[in-house]
Amino acid sequence: MGKFSKTGKREMPALNTSSLPDLIFTLLFFFMIVTTMREVTLKVEFKVPQATELEKLEKKSLVTFIYVGKPTAEFRAKLGDESRIQLNDSYAEVAEIQDYIIGERASMKEEDQPQMTVSLKVDKDTKMGIVTDIKEALRKAYALKINYSAQLRQ
Amino acid sequence: MAKGNRKVPDINSSSTADIAFLLLIFFLITTSMDTDRGLARRLPPPPDKEQKDQSDKVKQRNVLEVFLNKDDQLMCGGEYITIGQLRDKAKEFIDNPNNDETKPEKHSIQVPFFGNVMVTEKHVISLRCDRGTSYKAYIAVQNDLVGAYNDLRDKLAQEKWGKNYLDLNEDQQKAIREIYPQKISEAEPKKYGEKK
């Protein structure tokens, strides 16, 4: 049974790692492709409601976001608990939405403009009053395609 | 002086993996994989005077009034119901299978693939809420109304082609949309709750 006896001289062969960079690069490319960078820093907290009949929001470049929710902790002392609207990087009032939408639309390609979608990311505990005001403003700005952001209910 | 057979030394590539790892980790962190989903809706264009005259002509039997009050209680067609009942109620209203007098009237229209079909094309579901209604309840109602349409469309698609509505091709979907057109009107809310 000398076969199994350890002589101590034998060494573990080094693992060939020359293909490791290739593997990592493959993963890297995958993540580079699927990445969409978040463009705005959120100043409101929101948890979108749950629903079952959802549609996917396609073509990110055609979508404009409006966030509604309570101010985040650092702003709460100054602004209170009342739900606020966020457009781009700052808080806004309902009256500013119309100009914002028109501005966003002007920055799109002309053939894309009719397909413009506004995604409403609204906290589930918001009162409908503020949402209705936003809807009215969107109607006036002729941004009629909207999408109530929601999570899939399991 | 130089000898012709001198080799170029290999570049040490053992750190490529580390560099790639760094980049990988950066992209891993910045990635937001969540695909945005939501309930797609179309708002009516801004109101003008002509439109107002039209909306008055809609007959009472063609309208299903859904109302949410400030305490998230649901009223549908004049009676209090729970959210679970809404979907069936909406389906019955849209489809009107027994040609009920109080449900929307049916008209015969020509639809590709189906021929002449009796369709409740004039029906409207009018959704109204209070300024104090919570967004959560509003979305739940919207969801069930859209769900009612999806159920009816799926049922018809199953009967005709044995597939779900979403798996049909463009023309077939269009035909089904003609039979069950989605008509949800989101009226401006009234301030019932907040005034005291």
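Along strand E7 (residues 124-129) of chain B, which side chains point to one face and are buried, and which point to the other and are not? The first view below answers this for a predicted model, in which local features need pLDDT of at least 70, side-chain atom pairs count only at pLDDT 80 or more, and totals for chains, interfaces and linings use all residues. Residues are numbered from 1 along each chain as its sequence is written, while chains are lettered from A and ligands numbered from 1 in the order in which they are written.

**View 1. The two faces of strand E7 of chain B.** Ile125(B), Leu127(B) and Cys129(B) point to one face and are buried. Val124(B), Ser126(B) and Arg128(B) point to the other face and are not buried. A residue is buried if 20 or more other C-beta atoms lie within 10 Å of its own, exposed if 12 or fewer, and partly exposed in between, with C-beta atoms placed from the backbone. Strands (E, at least two residues) and helices (H or I, at least four) are DSSP runs, numbered from the N terminus.

**View 2. The strands that pair with E7(B).** Strands of a sheet pair through backbone hydrogen bonds, either parallel or antiparallel. Here two strands pair if DSSP finds at least two bridges between them. Strand E2 (residues 63-68) of chain B pairs with E7(B) in the parallel sense, over six bridges. Within this pair, Val66(B) has Leu127(B) as its bridge partner, and Phe67(B) stands opposite Arg128(B). Strand E8 (residues 184-186) of chain B also runs parallel to E7(B), and three bridges join them. Here Ser126(B) has Ser185(B) as its bridge partner.

**View 3. The five-stranded sheet of chain B.** The sheet is open, its strands come in the order E4-E3-E2-E7-E8, and the pairing is mixed. E4 and E8 of chain B are the edge strands, each pairing on one side only. On average, neighbouring strands are turned by 25° against each other, direction ignored. Such angles are taken between axes, which are lines fitted to C-alpha atoms, for helices over the stretch in contact; they run from 0 to 180 degrees between N-to-C directions.

**View 4. Ile81(B) in an edge strand.** Ile81(B) is found in strand E4 (residues 79-81) of chain B. Is Ile81(B) buried or partly exposed? Ile81(B) counts as partly exposed because it has 15 C-beta neighbours inside 10 Å. Two residues are in contact if their C-beta atoms lie within 7 Å. Leaving aside neighbours within four places in sequence, Ile81(B) is in contact with Leu74(B), Cys76(B), Leu86(B) and Lys89(B).

**View 5. Two helices across the sheet strands of chain B.** Helix H3 (residues 83-95) of chain B lies across E2, strand E3 (74-76), E4 and E7 of chain B. H3(B) runs at about 20° to E3(B). Helix H4 (residues 135-161) of chain B lies across E2, E3, E7 and E8 of chain B, and runs at about 155° to E2(B). Among the elements of chain B, H4(B) has the highest mean pLDDT (87), and helix H2 (residues 49-56) the lowest (53). This score is the predictor's confidence in each residue, from 0 to 100.

**View 6. The contact between chains A and B.** The contact takes 44 residues from chain A and 41 residues from chain B. Helix H1 (16-30), strand E1 (37-42) and H4 of chain B each supply at least two residues of the side that touches chain A. The residues of this side of chain B divide into 20 nonpolar, 13 polar and eight charged. Ala, Val, Leu, Ile, Met, Phe, Trp, Tyr, Cys and Pro count as nonpolar, Asp, Glu, Lys and Arg as charged, and the others, Gly among them, as polar. Strand E3 (residues 55-56) of chain A pairs with E1(B) in the antiparallel sense over two bridges. Lys56(A) has Arg37(B) as its bridge partner. The model scores ipTM 0.72 and pTM 0.73.

**View 7. Chain A as a whole.** Chain A has four helices and nine strands. Its radius of gyration is 26 Å, well over the 15 Å that the globule rule gives for 154 residues, so chain A is more spread out than a compact globule. The radius is taken over C-alpha atoms, and the rule is 2.2 Å times the number of residues to the power 0.38. The C-alpha trace of chain A spans about 90 × 45 × 30 Å along its principal axes.
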